[in-house]
Amino acid sequence: MHEFTLDTRSRSQMLLITDRVQRLVTDAGVQRGSVTVYVPHTTAGITINENADPDVVHDFLAQLDNMVPWEQPFYRHGEGNSAAHVKASMMGSSCTVFIDQGKLQLGTWQGIWFCEFDGPRTRKVWVRVVGEP
Ligand code: ZN
């Protein structure tokens, strides 16, 4: 398993990590297989979505805030970050992408996004590449 870290800069932020994952796949020498990207945190997640228009990221985070506000009168969790926990589970903790001819098999407009919901923090991402050389 490989690990890399990310320094996030705001409470909610999406960071494109496609290139870092591709680099790990290339270094692993796997031509055909799959890669799983896993986020070992309860207030951050991972998703695959559009990599081209930055307005999509803006709208994505704005709509998540709209659906899951940071403060609600019924929240009980003493740490005060219930919204971050909920959003993390909405995104999920992992994604798996196929590898063919040594390349991530993503759609033209797809990228792998790390999703911070309780930053700024230093975060870990775990990556496992499996397949044939
Ligand atoms: Zn918490």
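Which residue in β7 does Q13 stand opposite? The partner of Q13 is E116 in β7, and this pair is a handy way into the fold.

A word on the ground rules before we go on. Residues are numbered from 1 along each chain as its sequence is written. The model is predicted, so local features need pLDDT of at least 70 and side-chain atom pairs count only at pLDDT 80 or more, while totals for chains, interfaces and linings use all residues; side-chain values use heavy atoms, with hydrogens and water left out.

**Overall build**

The protein has three helices and eight strands, arranged from the N terminus as β-β-α-β-β-α-α-β-β-β-β. Here helices (H or I, at least four residues) and strands (E, at least two) are DSSP runs, numbered from the N terminus. The C-alpha trace spans about 55 × 30 × 20 Å along its principal axes. The radius of gyration is 16 Å, which agrees with the value near 14 Å for a compact globule of 133 residues; it is taken over C-alpha atoms, and the globule rule is 2.2 Å times the number of residues to the power 0.38.

Of the 133 residues, 39% are buried, where buried means under 20% relative accessible area, with a 1.4 Å probe and protein chains only. Among contacts with a separation of 6 or more, 81% link residues 24 or more positions apart; a contact means heavy atoms within 4.5 Å.

**Strand pairing**

Two strands count as paired if DSSP finds at least two bridges between them. Three of the pairings are set out here.

| Strands | Sense | Bridges | Facing residues |
|---|---|---|---|
| β2 and β7 | antiparallel | four | Q13 and E116 |
| β4 and β7 | antiparallel | seven | T47 and W113 |
| β3 and β8 | antiparallel | seven | S34 and V130 |

Strand β7 thus appears with β2 and with β4. Six of the seven residues of β7 are buried, so the strand is mostly covered.

An open sheet is formed by five strands in the order β1-β8-β3-β5-β6, with antiparallel pairing. Its edge strands are β1 (2–7) and β6 (103–104), each of which pairs on one side only. Inside that order, β3 covers residues 32–38 and β8 covers residues 122–132.

**A buried loop residue**

Let us turn to I17, which sits in the loop between β2 (13–16) and α1 (18–28). Is I17 buried or exposed? I17 is buried, because its relative accessible area is 1%. Leaving aside residues up to four places away in sequence, I17 touches F4, L6, V37, I46, I112, F114 and V125. I17 also lies 10 Å from C115, C-alpha to C-alpha, although 98 residues separate the two in sequence.

**Helix α3 and its cover**

Helix α3 spans residues 82–91, and its buried residues are S82, A83, A84, K87, A88 and M91. An α-helix has 3.6 residues a turn, so residues three or four places apart point the same way. The cover over the buried residues of α3 includes β4 (44–50), α2 (54–67) and β7 (110–116). After α3 comes G92, with a positive phi near 95°.

**Surface and charge**

The protein exposes about 7600 Å², with carbon and sulfur atoms supplying 48% of that area; the areas come from the Shrake-Rupley method with a 1.4 Å probe. The mean positions of the 12 positive and 15 negative charges are 7 Å apart. Lys and Arg count as positive and Asp and Glu as negative, while His and the chain ends are not counted. Each charge is placed at NZ of Lys, CZ of Arg, CG of Asp or CD of Glu.

How values were computed
Buried means under 20% relative accessible area, exposed over 50%, partly exposed in between (1.4 Å probe, protein chains only).
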